[in-house]
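Hi,

Here is the model I promised to pass on. Have a look at it first, and my notes follow below.

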Amino acid sequence: MGFAWTLVALAAVLALAWRFLGSYLAAVYQGRLTFLGWVERPVYRLLGVEPDAEQSWQRYAGALIVFSGLSLLLTYLLIRVQGSLPVNPQHLGAVPPALSWNTAVSFVTNTNWQNYAGESTMSYLSQMAALTVQQFVSAAVGIAVAVALVRGFARRGSATIGNFWVDLVRGVLYVLVPIAFLAGIVFVAQGAVQTLAGPAVVHNHLTGFTQTIARGPVGFMEAIKELGTNGGGFFNANGAHPFENPTGVTNLLSVILILCIPVALTYAFGKMVGSVRQGAALLAAMGVIFCAWLAFTTVAESQPNPAVAATHAVAQHHGNLEGKETRFGPQSSSLYNVASTQTSTGSVDASADSFTPMGGFGMLTGMMLGEVSPGGVGSGLYTILLFAIITVFIGGLMIGRTPEYLGKKIQSREVKLAALAVLVMPIVVVAFTAVAVSVHAGRAGPLNSGPHGFTEILYAFTSQANNNGSAFAGLSGNSAFYNVAGGIAMLLGRFAIIVPTLALAGALAAKQVVPAGLGTFRTDKPLFVGLLIGVILIVGGLTFFPAAALGPLVEQFSHGRLF
Amino acid sequence: MLLHLRRSLVAALFFLVLCGLAYPLAGTGLAQVAFHHQANGSIGPDGSSLIGQQWTGPRWFQGRPSATVGPTGSPSPYDAMASGASNLGPRSTVLASHVAARAAALRKEGITPTAGMVTSSGSGLDPDISPAAAYAQVGAVARARHLPAAAVRRLVTSHISPAQLGFLGEPVVNVLSLNEALARLR
């Protein structure tokens, strides 16, 4: 019963975020808000950017790639030399090269896959100046791409799609920093630590035991970790750690932060293309998928753990508790982990590896759908817009008519770009998983044997190619093979999708609008929403069914067997 | 390209200062002033109320099993420098054998285990147990301490923290505060 109220509270807050944060986002990216102009103007002067001077899609993409490349290099260098830098009370040494590569790519691509244990690997300075910075910046880059694509739909006969530097700066200044700061205060008030004083040594007078407790600047990192759909936590245990996610309040706040920008962006999209109903249609498709996956996963986790059941040692009235925190239980843990895998967040408040076979299937397939429900900050909106283009194309094929979306004719070039962008992720997932199970270094990774071991590998590449970062953490990812291969998968999953998306934005912006006629397929109606959901499910299902069958489905149907 | 590079460098430095220094340091300053206790780890006389500890022997209420692993790779329960879960899969023979061994050990102490008492937590540092797990240990603790079971049971009841606002998360019993109260019980 309590969980139902949690869902009601979540829905109510998201409804408000959709309307008000959505309209705020539209105002920010349309340049209608200027109350932080006193910070912005000096930054633009330093950058040598004329804020009104817009860029073609090629220049926009070029700036984005160069900026991300430089961010990658700086992040790599910072953690490589952390041993010689201050704010390192544990005197942690340099992060090794392959791990630094994987970590730098991971944070620059908004993935936050972690092949390291934060509390014993990263200095406080690295956590702040290397990782937290990218949690802000990579999120702002994602929103910028989405906004550029939306401008492509909104404009007619335009050679430009906005200015990357302005979108980047405004996203951080107006959206991410203020919301994260407020949320950070709540995290700390609830019990998240925020100190530079190093680990604490405590002595229990009752037992005589002494315990050393890792601490750090955690609470405010936690806020942007969730708000930017990053997912990379300070501690190895991520959101299960009581210093990251101490209470039921912070657990719900985390879920709200994860979902609020992706949800609100659909309203901003509607505002910017002149019809809120168009945004509501996308949100409806996202919401149907999200609710279905949430229900499925929550029910799965409320079932007994098969390995525990096989011992006949205890009754499992409350579902699967292995890897879960007492204060969250199976339901709140399912909500958190589903929200994090239906976006590109990847944080966990319970061990994903120890979820039931069908609970794990719910998280895995949430990512396999391309993270569109509602998806990561920006990436969710631009990915579902790619699917929307494919949907109107399929609709057009059915009636033999050139499709339109938001008044723009969808022609060969647009369909090719959208299809290319949508196919990158599945190709990377399937190809990299195939390589990993074929080579010794790949097969050496899994902790668990049997089908679950295969799922650990499949989950790893699904997560990295989707820039999610969630893990079946039994996999020993800190090897040369997984560090290098994972880094490549994350880069492809980010930039091989962003570049065609920006090309699409450029192509659309240049087009004129054709007036809607009698034969126009209405994209703000339930029929379109249904077809869009169908396309998303069919693309994901056809691509991944064989792989999922080898992993979680085999595991689910191996009644009475342990591995 | 060169222009992009120069701008990228300036932007990266700006964000480094704003998001990597100003943001976390302002947060730390505020937290240290306004929420000093929480920001430093909610530490009391016998440890942190948020970080679980190992309690040995029947004289104390036990926390959840912890799967944390020390620097050498060997089990080191409640190692607060190395948080983590077991990550054992739902059809793992290793998990089944761990669960069976834990259940047998508890039964030997005269405790009928709940599921939470034989499964390890997500952080390995879970400070809480469920009310059912606390009640299940009342008899064994009372026997070991020669206390009336009813008094120990009352102590457990008074230490149940309900779900926040009545609906967020699960009701729990904090093991440290329960054991501290137990030590004071005469």
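How much area is buried between domain 1 of chain A and domain 2 of chain A, and what share of it do carbon and sulfur atoms give? About 3500 Å², with 74% from carbon and sulfur; buried area here is the accessible area (1.4 Å probe) that two parts lose on being put together, summed over both.

Some housekeeping before the rest. This is a predicted model, where local features need pLDDT of at least 70, side-chain atom pairs count only at pLDDT 80 or more, and totals for chains, interfaces and linings use all residues. Residues are numbered from 1 along each chain as its sequence is written, chains are lettered from A and ligands numbered from 1 in the order in which they are written, and side-chain values use heavy atoms, with hydrogens and water left out.

Back to the domains. Chain A splits into domain 1 (2-274) and domain 2 (379-557), with bounds that come from an automatic or database domain assignment. Their centres, taken over C-alpha atoms, are 23 Å apart. On the domain 1 side 40 residues are in contact with 43 residues of domain 2, contact meaning heavy atoms within 4.5 Å. Trp113(A), Leu149(A) and Phe153(A) supply 22% of what domain 1 of chain A buries against domain 2, more than any other three residues.

Between the chains, about 8100 Å² is buried, 66% of it from carbon and sulfur atoms. Chain A brings 114 residues to that contact and chain B brings 96. The top three on the chain A side are Leu206(A), Glu322(A) and Thr326(A), which supply 8% of the area that chain A buries against chain B, more than any other three residues.

One helix pair spans the two chains: helix 6 (residues 124-154) of chain A packs on helix 1 (residues 2-34) of chain B at about 115 degrees, with the axes 8 Å apart. Helices are DSSP runs (H or I, at least four residues), numbered from the N terminus; axes are lines fitted to C-alpha atoms over the stretch in contact, and angles run from 0 to 180 degrees between N-to-C directions. The crossing of this pair is right-handed (near helix turned clockwise from the far one by less than a right angle; anticlockwise would be left-handed). Residues making the contact include Phe136(A) of helix 6 and Tyr23(B) of helix 1. By class, the contact has 13 nonpolar, 2 polar and no charged residues (Ala, Val, Leu, Ile, Met, Phe, Trp, Tyr, Cys and Pro count as nonpolar, Asp, Glu, Lys and Arg as charged, the others, Gly among them, as polar).

Within chain A, helix 19 (residues 526-557) has its axis within 11 Å of that of helix 15 (residues 412-438), crossing at roughly 20 degrees. That makes helix 15 of chain A roughly parallel to helix 19 of chain A (under 35 degrees; over 145 is roughly antiparallel, 65 to 115 roughly perpendicular, the rest oblique). Helix 17 (residues 451-465) of chain A also packs on helix 19 of chain A, at about 135 degrees with the axes 8 Å apart, so helix 17 and helix 19 of chain A are oblique to each other. That crossing is left-handed.

Two backbone spots to check: a cis peptide bond joins Ser373(A) and Pro374(A), with omega about 0 degrees, and Val87(A), not a glycine, has a positive phi of about 55 degrees.

Cheers
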